Amino acid sequence: MTQGSFISFEGGEGAGKSTQIRRLAERLQTAGHDVVVTREPGGSSGAEAIRELLVNGEADRWSPVTETLLMYAARRDHVERVIRPALAEGKFVLCDRFADSTRAYQGAGGDAPASLIAALEDHVLAGTVPGLTLILDLPAEVGLARAEARGGAARFESKGLPFHERLRAGYLEIARQEPERCVVIGADAALDAVTDAIWAAVAQRLNL
Ligand code: TMP
């Protein structure tokens, strides 16, 4: 199965992913493409039910390993029921977070073993991975302040600044290791400048 039209958006809290995904979806649709916009954890009804367990409650409600397993249970349902069928129909799939969020949040931010996460990626995703990942990068304290003003998935926001600094470094390390898949976009710029940088990356990588 081709994943060329599977694009994930990643980044810490308050990076502005939702706005940018909406803008990219509109631009692709205007150009005549079918686009599915989805998110993780969630995106299918079963995965949305698991999301409720993950994003609410006390910061230490789940250990990083338990979180990893819940994320992957949700991800498998989402991949089976939404992502693979859409890709098979030739649609673009724009996903607000995917597997790199687990590497960054549970792996780099928490202490879930990289070997566990890698094994889950292999067996659970079985090749359904994005062809392009846009990592929206900004200082953790800037993103947390934005996220706090907006309200939202409070459980992860409450894990403290050092956690969010570790996960930011985790994302940059993923981009360093997989430059053919990942593009880092500075998200501390004006909204329209971020939109333009994203379009430039998409158009170049996907030959649009
Ligand atoms: P969001 O919808 O605001 O991005 O919230 C989802 C939260 O879940 C966010 O704080 C990041 C977190 N998360 C993980 O910790 N690991 C994951 O694999 C995913 C997909 C999300």
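1. Start with the ligand in this predicted model. The shell around the ligand holds 14 residues, and those that come nearest are Glu13, Arg51, Arg97, Thr102 and Gln106.

2. Three of these neighbours are worth a look up close. Arginine 97 places a polar side-chain atom 2.6 Å from a ligand oxygen, and threonine 102 likewise has a polar side-chain atom 2.6 Å from an oxygen atom of the ligand. For glutamine 106, an N or O atom of the side chain is 2.8 Å from a nitrogen atom of the ligand.

3. How much of the ligand does the protein cover? On its own the ligand has 480 Å² of accessible area, and the protein covers 94% of that. Two elements, α3 and α4, each give two or more residues to the shell; α4 gives the most, with 4 residues.

4. Now turn to helix α5, residues 114-125. Its 12 residues should span 16 Å at 1.5 Å a residue, and the end C-alpha atoms are indeed 16 Å apart, so expectation and model agree.

5. Which residues of α5 are buried? They are Ile117, Leu120, Glu121, Val124 and Leu125. Viewed down the helix axis, these buried residues fall within an arc of 105 degrees, so they line one face of α5. They pack against α3 (64-88) and α4 (99-109), and both of those helices also contribute to the ligand shell.

6. The face of α5 turned away from the buried side carries Ser115, Asp122 and His123, which are exposed. Just after the helix comes alanine 126, with a positive phi near 45 degrees.

Technical notes
Residues numbered from 1 in each chain as written. Predicted model: local features only at pLDDT ≥ 70, side-chain atom pairs only at ≥ 80, totals over all residues. Heavy atoms only, no water. Expected span 1.5 Å × (residues − 1). Buried < 20%, exposed > 50% of the residue type's maximum accessible area, 1.4 Å probe, protein only. Arc of directions from axis to C-beta. Contact = heavy atoms within 4.5 Å. Near = heavy atom within 4 Å. Polar contact = N/O pair within 3.5 Å; in protein donor to acceptor, adjacent residues only side chain to side chain. Areas by Shrake-Rupley, 256 points an atom, 1.4 Å probe, with all protein chains shown as cover.
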